[in-house]
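Welcome! Let us take a friendly walk through a protein model, starting with its strands and ending with the spaces inside.

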Amino acid sequence: MENPLEAWRDTLLELGVMGLVREPSPVVQEPSLRAPSVVPPPRHAEDRPAPRLAASLPPAYVPPSDAIGCPRPASVAAATDLAGLQQAIQGCLACPLGPGRMKFVFGEGDPGARLMFVGEGPGRDEDLQGRPFVGKAGELLDKMVGAIGLKREETYIANIVKCRPPDNRAPTPEEARACLGYLHRQIELVCPAVIVTLGATPLRELVGVGEGITRVRGQWKRVKVGGREIPVMPTFHPAYVLRQYTQDIRRAVWEDLKAAKEWADRPVPPETRP
Ligand code: SF4
């Protein structure tokens, strides 16, 4: 019996349909069996594609080189009062926080205060108002200061950085370092008898103590600024107290501030007067 396929082929040939070819079926190789594609190495450095990781990173911040964007240390040292210092540095763009600020938060208070607070950096309210410790944390700080018999304006309040870190994060060590010279000059000009650091960041960046604040709060430390050693009392940041609003935490802060006030009330030895 004739094969039906052969008969159909013969019929097509008779009709003049020539050149019938079987379509090759696609050959799908398993990935592991595929021959590796060989890409010749680039002959010149500029032919090489940029590494993908570098392309996904934000560009590094390049501070401006002009005198206003980056105040020179000499102009900071030359400031003879707080107003002059503020004037010298308020346009600062020396670190990545500068371009993002709404307002520069220099610090405020009695320029001859015996007790100086140093916090971490401006938050949202401070950035809007250009003043340190406003909003809820500021209200609590005012109450804490009132509890030791002082008014806020009888103290001086500053921060490690003068521009707001985004999302209320802590300033990076690089940002803190870029700003620290301003704070040192501020401390020299205020010449406080005692500094109270609020939270872990000022303790680490100003005093160089990296231990947890829970462990070291209430223990006297020292910092040398402008050739003068100043006693430092570490305590909790008011924002932390608000979050952990327990009687123990509030009592601990009160005791720390009381100890700082007692030190600040001591008579000033003549040799340490500015
Ligand atoms: S945080 Fe300090 S160093 Fe950074 S831009 Fe502001 S003032 Fe300058």
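## A hairpin to start with

Strands S5 and S6 make a hairpin that has two residues between them, and glycine 226 in the turn shows a positive phi of about 60 degrees. Helices (H or I, at least four residues) and strands (E, at least two) are DSSP runs, numbered from the N terminus. The model is predicted, so local features need pLDDT of at least 70 and side-chain atom pairs count only at pLDDT 80 or more, while totals for chains, interfaces and linings use all residues. Residues are numbered from 1 along each chain as its sequence is written, and side-chain values use heavy atoms, with hydrogens and water left out.

S5 and S6 (residues 228-235) run antiparallel and are joined by five bridges. Two strands pair if DSSP finds at least two bridges between them. Looking across the hairpin, you will find arginine 222 opposite proline 231 in S6, and valine 223 opposite isoleucine 230 in S6.

Which side chains of S5 are buried? Lys221, Val223 and Val225 point to one face and are buried, while Arg222 and Lys224 point to the other and are not. Here, buried means under 20% relative accessible area, exposed means over 50%, and partly exposed lies in between (1.4 Å probe, protein chains only). In a regular strand the side chains alternate between the two faces of the sheet.

## The whole sheet

Now step back to the sheet. It is open, has six strands in the order S1-S3-S2-S4-S6-S5, and its pairing is mixed. Strand S1 (108-109) and strand S5 (221-225) are the edge strands, each pairing on one side only.

S4 is mostly covered, with five of its five residues buried. Both of its faces are covered: Val194, Val196 and Leu198 are buried on one side, and Ile195 and Thr197 are buried on the other. Strand S2 (residues 115-119) runs parallel to S4, and four bridges join them; methionine 116 has isoleucine 195 in S4 as its bridge partner. S4 and S6 also run parallel, joined by four bridges, and valine 196 has methionine 233 in S6 as its bridge partner.

## Residues to spot in the loops

Most residues other than glycine have a negative phi, and most peptide bonds are trans. With that in mind, look at asparagine 168, whose phi is near 55 degrees, a positive value in a residue other than glycine. Asparagine 168 is in the loop between strand S3 (156-159) and helix H7 (173-190). Cysteine 191 also has a positive phi, near 55 degrees, and is other than glycine. You can find cysteine 191 in the loop between H7 and strand S4 (194-198).

Why does cysteine 191 count as buried? Because its relative accessible area is 16%. Arginine 101, in the loop between helix H4 (82-89) and S1, counts as buried because its relative accessibility is 17%. The C-alpha atoms of arginine 101 and proline 122 are 9.5 Å apart, and the two residues are 21 residues apart along the chain.

## The cavity and its ligand

Next come the spaces. On a 1 Å grid over the protein atoms alone, a cavity is a set of points where a 1.4 Å probe fits but cannot get out, and a pocket is an open set with protein on both sides within 12 Å along at least five of seven lines; lining residues have an atom within 4 Å of a point. Grid points are joined across faces, edges and corners, and a volume is the space filled by probe spheres set on the points.

How many cavities of 30 Å³ or more are there? The count comes to one. The largest cavity holds about 90 Å³ of space. It is lined by 15 residues, and Cys92, Cys95, Cys163, Cys179 and Tyr182 are the closest to its centre. The ligand sits in the largest cavity (more than half of its atoms lie within 2 Å of the grid points). Of the 13 residues around the ligand (a heavy atom within 4 Å), Cys92, Cys95, Gly98, Cys163 and Cys179 come nearest.

## The largest pocket

The largest pocket contains about 600 Å³ of space. Its lining has 30 residues, with Glu120, Gly121, Ala137, His237 and Ala239 nearest its centre. H10 gives the most to this lining, with four residues.
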